[in-house]
Amino acid sequence: MPRVLARIAGLAMRYPWRVGLTILTSLLAAVASLMLPRLIGRSIDQAHHLLAAGSANSDAAQAALLWTAGLVIAATLARGFLTMWAGYLGEYLSQKVALDLRRAYFQQLQRLSFGFHDKIHSGDLITRGMLDLEGTRAFIQGAMVPALSLTLLIGFAAWMMISADPVMAAIGLGFTPIAGVALARMGFRLRVTWLRVQQLMSILTLTMEENLQGIRVVRAFAGRAFELGKFDAASQEVLEHQYRRITLRFRGVAWMQASYYASLGALLWYGGTKVLDGRMTVGGLTSFVIYMSLLQAPIRQVAMIFNAMARATSSGGRLFEVLDLKPEIADRPGATALVAPQGVLRFEHVGFRYDAGGKQVLSDISFEVRPGRTLGVVGPPGSGKSTIANLIPRFYDVSEGRITIDGIDIRDVTLASLREYVGLVQQEAFLFDASVGHNVAYADPWAEDERIVGAAKTAQIHEHIASLPADYETRVGERGVALSGGQRQRMSIARGVVPGPGIMIFDDSTAAIDAVTERRVRENLSHATATKATVIIAHRLSSLMHADEIIVLDDGRIVERGDHASLVAAGGTYAELFELQSRTTSGELEAAE
């Protein structure tokens, strides 16, 4: 707990002059508060003394009271202004820290490898980046800054009380041990409760996100009642833990308040006895009572500070857990940029596992693709085809062997230069909720209109875009919902063509396109990739039968390889698959013609 809080405080100290100004205004506000008991106590004693001396001095007593009243008003106004300014500065400081954390968190999510994102749900990451970050930020405003002024206020008040009358001070401050024990118990139990609340909020966010993303599936299968029940169950569990958190907080406050008022009652009884015996003035007792009243608000605020500390500990721990991760895929020390290579792609006895000790996904995969040549990859689901595509731009690192471009291990070049050189068009055509032009030119936002249109024509999507209300400025909706599956895939192909990468990989990127359009796209792509090393992964053999070499995968191993004609002649797995698909494709083409 101290380590997390110290780290949050360290983030605030990146702005030392803002921290210093916030502390200064908080301290001045505390000083202004501490002036009030002495001023009021002295004025009462002075007025009482003058009045006791006789009626002739009543005007002087009234003047003294008026002067003291003016000082009290001035001190109160100063305290109010300084408290307001300290609050503003504390809020501003916490928001600056939140901005830094938000940027660092988002940058970290971009750096972390696919292996990390494969194991954690995006709903949990969103919760950490929003709710946990807010809980971390709130510590600066709600705990760190107030704690400084409260320490001064309580410390000076206690010192002044002790210097005036140690016995009275002991009675008045007798509540502090009870309050300390209550706060310690409350803080520990709140930390555990806050951690569980944040975890449950992640589950709740996950449930809502999945429901919204799969809303069409929910409606199609009449799953509304089931989804509502699942959401209600998650919400109810969050509510129960929130109630538990509130109960813990107010139980701690109740113990502190009860002990405080018990000490105040004892102080009034003992002080009143001393006044009656003439051992203490009325003003002296008044000063003690005002000191106690000044402590009442801080006592309530201490509970809020401990609540903020408990929340910050759990929230900050979850946030820093992600920020402290080291990306599995990163530039090696001394990595150099991949500068103007020829573009010869080679796999050398590559093996791969997603997890150490897990199932072997690829075994002894070797091939070479030179510029102007095309490699086709085919195989049943789960045979490792998409894994090959993900290894080339280093979304994952090989477990065995190596992958080279012009003889250079891709692990020895910078990720940025590698991924600029390798263009990957995936089967899942994700589109941003932006314009058509923005999505097509995503890899090169400064691409000229001619290149964007040319890429769209290559992907056989230009005519459809031109028919849209605002052509290339038309928004496609969230995840491209305004487009069909085939249109999204053609948009994805156009996006992959725009930057003109040196190596092109198509991972089943025409699966949702009809056979006729797919043939036209393939013909256009043959011109766009004429000088590039090209890898085509597909279930539909018509997408890769023109390849210079085709490898057939099964259970992560190459079981057949050759060109289309030789593989058909061999009569193996590829020939059987080709015979089955060719009958269906011929029927589609004849129907279209």
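The questions and answers below go through a predicted model of one protein chain.

Me: How many helices and strands does the protein chain have, and is the chain compact or spread out?
Reply: The protein chain contains 19 helices and ten strands. Its radius of gyration is well over the 25 Å that the globule rule gives for 593 residues, so the chain is more spread out than a compact globule. Along the principal axes, its C-alpha trace spans about 125 × 55 × 45 Å. The radius of gyration itself is 36 Å.

Me: What share of the contacts in the protein chain with a separation of 6 or more is made by residues 24 or more positions apart?
Reply: Of the 593 residues in the protein chain, 47% count as buried, and the accessible surface comes to about 29600 Å², with 60% of that belonging to carbon and sulfur atoms. Among contacts with a separation of 6 or more, the share from residues 24 or more positions apart is 78%.

Me: Where in the protein chain is confidence lowest, and where is it highest?
Reply: The average pLDDT of the protein chain is 82, and 93% of the residues score at least 70. Over residues 589–593 the pLDDT stays under 50, and the model has five contacts beyond four places in sequence for them. Where pLDDT is low, the predicted coordinates should not be read in detail. Confidence is lowest in helix 19 (residues 573–592), at a mean of 68, and highest, at 94, in strand 1.

Me: Which strands stand at the edges of the open sheet with the order 2-1-4-5?
Reply: This open sheet has four strands, with antiparallel pairing. A strand at its edge has a single partner strand, so one side is left without a neighbour in the sheet. The strands placed in this way are strand 2 (360–369) and strand 5 (408–409).

Me: How many bridges join strand 1 to strand 4?
Reply: Strand 1 (residues 345–353) pairs with strand 2 in the antiparallel sense over six bridges, and there Phe 352 stands opposite Leu 362. Strand 1 and strand 4 (residues 400–405) also run antiparallel, with Thr 404 in strand 4 as the bridge partner of Arg 346. The number of bridges that join strand 1 to strand 4 is five.

Me: Which residue takes a positive phi in the hairpin of strand 1 and strand 2?
Reply: The hairpin of strand 1 and strand 2 has six residues between the strands. The residue that takes a positive phi, near 85°, is Gly 357.

Me: Is Thr 387 buried or exposed, and which residues does it touch?
Reply: Thr 387 lies in helix 11 (residues 385–391). Its relative accessible area is 6%, and because buried means under 20%, Thr 387 is buried. Not counting residues up to four places away in sequence, Thr 387 touches Phe 352, Tyr 354, Val 361 and Leu 362.

Me: How far apart are the end C-alpha atoms of helix 17?
Reply: Helix 17 (residues 515–528) has 14 residues, and at 1.5 Å a residue it should span 20 Å. Its buried residues are Ala 515, Val 516, Thr 517, Glu 518, Val 521 and Leu 525. The distance between its end C-alpha atoms agrees with the expected span, at 20 Å.

Me: How far apart in space are Glu 321 and Ala 225?
Reply: Glu 321 lies in helix 10 (residues 282–323) and is partly exposed, with a relative accessible area of 47%. Glu 321 and Ala 225 are 96 residues apart in sequence, while their distance in space, C-alpha to C-alpha, is 36 Å.

Conventions
Residues numbered from 1 in each chain as written. Predicted model: local features only at pLDDT ≥ 70, side-chain atom pairs only at ≥ 80, totals over all residues. Heavy atoms only, no water. Helix = DSSP H or I, 4+ residues; strand = E, 2+ residues; numbered from the N terminus. Expected span 1.5 Å × (residues − 1). Buried < 20%, exposed > 50% of the residue type's maximum accessible area, 1.4 Å probe, protein only. Pairing = 2+ DSSP bridges. Contact = heavy atoms within 4.5 Å. Rg over C-alpha atoms; globule rule 2.2 N^0.38 Å. Areas by Shrake-Rupley, 256 points an atom, 1.4 Å probe, with all protein chains shown as cover. pLDDT = per-residue confidence, 0-100.
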